[in-house]
Amino acid sequence: QDYGYRHVLPGEHVYDGVLFFGYSPPDILDAVKNFRVRDDDVFIVSYPKAGTTWMQEILWLVVHDGDFETASKTPIYFRSPFLEFKDLTLNEVGLDIAHGMRSPRVIKSHLPFRLMPKKLDKSKVVVVFRNPKDVSVSYYNFYKSSSSFGDFTGTWRDFLIMFLTGKVDHGSWFDFTISWWKRRHEPNVLLVFYEDMKRNLKGEIRKIANFIGKHDLSEDVITRIANHCTFDNMKKNPMTNHEDVYSINSKISPLLRKGKIGDWKNQYSVSQNEDFDAVYKEKMKDIDIPFRYEW
Ligand code: A3P
């Protein structure tokens with residue numbers, strides 16, 4: 001679909017069919033493929049705004065047996081590097097930070113399967129899915145608040161078209177989602193839904209802990225992690241709320257914005273919802289993913 005508005009991302013380029021902004025330049029995407037994976041690595045893979053930060057905090061704590069002491073001193077984005085991201089101000093690359101980190105590492109990525117490190121089969125991959133209507137609204141608000149996307153001044157309608165056509169950083173939600181859905185049964189992959197975490201956080205944390213081999217994590221630690229990772233607590237916590245991140249203007253929209261299931265209903269018009277459903281049906285043809293769009 002053609003549309004009048006065209007938002008150009010700073011340094012944007014298309015890599016193997018996926019649109020990226022300048023923070024993930026081609027040389028880094030090349031290097032990601034040959035990234036030296038360790039057997040005890042845990043990757044968090046999600047499309048932007050699916051609840052990545054939430055899962056990072058949970059997984060980091062699970063992997064480190066509930067080390068709340070360290071978690072209270074170091075922001076999550078330092079404890080869990082963003083693989084394909086180059087901080088242009090600090091001139092730091094997620095890949096390099098990860099390379100120099102002690103094991104076990106908890107590494108974040110937003111890449112579709114084909115762009116991930118080639119030798120991924122030994123480490124664990126936790127994939128986070130969230131219903132795409134809430135993802136699109138969350139991403140729209142993030143675009144407005146984040147200078148990395150280049151002063152986005154478009155409307156919600158503009159953004160929705162960009163989202164549906166994959167003209168946003170990290171490309172098409174549909175491509176990303178299909179690529180990982182196909183791998184959900186692989187033994188080193190665990191698929192977790194944001195909406196399930198909202199409904200039963202402790203249960204999902206236990207599932208995640210078992211998946212990464214932490215069967216002996218006590219009920220007490222699981223309860224404390226769940227309590228530490230509620231929306232309200234993570235929003236209050238300077239180590240997780242990203243309010244110190246220079247590129248995010250939290251006054252416009254904080255990273256921890258609403259944290260709800262079904263907020264899309266406050267944003268989508270009836271006809272936008274119909275348009276969305278039509279595009280979804282066409283792109284996801286034979287694929288039936290049990291997304292929840294409301295509580
Ligand atoms: P909203 O914009 O809908 O509030 P990501 O970390 O992938 O960028 O995702 C950000 C989204 O996850 C935001 O969604 C944010 O509020 C939500 N989120 C972050 N921490 C959360 C938590 N502890 N509980 C529920 N939602 C959370």
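The UniProt record, an unreviewed entry, lists residues 39-287 under "domain: Sulfotransferase". In the predicted model, the C-alpha atoms at the two ends of residues 39-287 are 31 Å apart. Helix accounts for 42% of this span and strand for 10%.

The ligand is surrounded by 21 residues. Thr52, Thr53, Ser138, Arg257 and Gly259 are the closest of these. Three helices, H2 (52-63), H6 (132-145) and H12 (231-236), each contribute at least two residues to the shell around the ligand. Sorted by class, the shell consists of eight nonpolar, eight polar and five charged residues.

Two of the helices that supply the ligand shell, H2 and H6, were also examined for their packing against other helices. Two packed helices are described by the angle between their axes and the distance between the axes. For H2 and helix H10 (residues 201-211), the angle is about 50 degrees and the axes are 10 Å apart. H2 is therefore oblique to H10, since the angle lies between the limit of 35 degrees for roughly parallel axes and the range of 65 to 115 degrees for roughly perpendicular ones. The crossing of this pair, H2 and H10, is right-handed. On the H2 side the contact involves Ile58, Leu59 and Val62, and on the H10 side Ile205, Ile208 and Ala209. The contact of H2 with H10 thus comprises six nonpolar residues, with no polar and no charged ones.

H10 also packs against helix H11 (residues 219-228), where the axes come within 9 Å and cross at roughly 120 degrees. This angle lies outside the range of 65 to 115 degrees taken as roughly perpendicular and is not over 145 degrees, the limit for roughly antiparallel axes, so H10 and H11 are oblique to each other. The crossing of H10 and H11 is right-handed. H10 contributes Leu201, Lys202, Ile205, Arg206 and Ala209 to the contact, and H11 contributes Ile222, Thr223, Ile225 and Ala226. By class, the contact of H10 with H11 contains six nonpolar residues, one polar residue and two charged residues. Ile205 and Ala209 of H10 take part in the contact with H2 and also in the contact with H11.

H6 is paired with helix H7 (residues 156-164). Their axes come within 10 Å and cross at roughly 120 degrees, and the crossing of H6 and H7 is right-handed. The residues of H6 in this contact are Ser136, Tyr139, Tyr140 and Tyr143, and those of H7 are Trp156, Phe159, Leu160 and Phe163. The contact of H6 with H7 divides into seven nonpolar residues, one polar residue and no charged residues.

Two features of the backbone were noted in loops. The peptide bond from Ser103 to Pro104 is cis, and its omega is near -5 degrees. Pro104 belongs to the loop that runs between helix H5 (94-99) and strand S6 (106-109). Asp16, although not a glycine, has a positive phi of about 45 degrees. Asp16 is located in the loop between strand S1 (13-15) and strand S2 (18-20).

Conventions
Residues are numbered from 1 along each chain as its sequence is written. This is a predicted model: local features need pLDDT of at least 70, side-chain atom pairs count only at pLDDT 80 or more; totals for chains, interfaces and linings use all residues. A residue is near a molecule or strand if its C-beta atom, placed from the backbone, lies within 6 Å of it. Helices (H or I, at least four residues) and strands (E, at least two) are DSSP runs, numbered from the N terminus. Ala, Val, Leu, Ile, Met, Phe, Trp, Tyr, Cys and Pro count as nonpolar, Asp, Glu, Lys and Arg as charged, and the others, Gly among them, as polar. Axes are lines fitted to C-alpha atoms, for helices over the stretch in contact, and angles run from 0 to 180 degrees between N-to-C directions. A crossing is left-handed if the near helix is turned anticlockwise from the far one by less than a right angle, and right-handed if clockwise. Two residues are in contact if their C-beta atoms, placed from the backbone, lie within 7 Å. UniProt positions are given in the numbering used here, feature names are shortened, and annotations may be inferred rather than shown by experiment.
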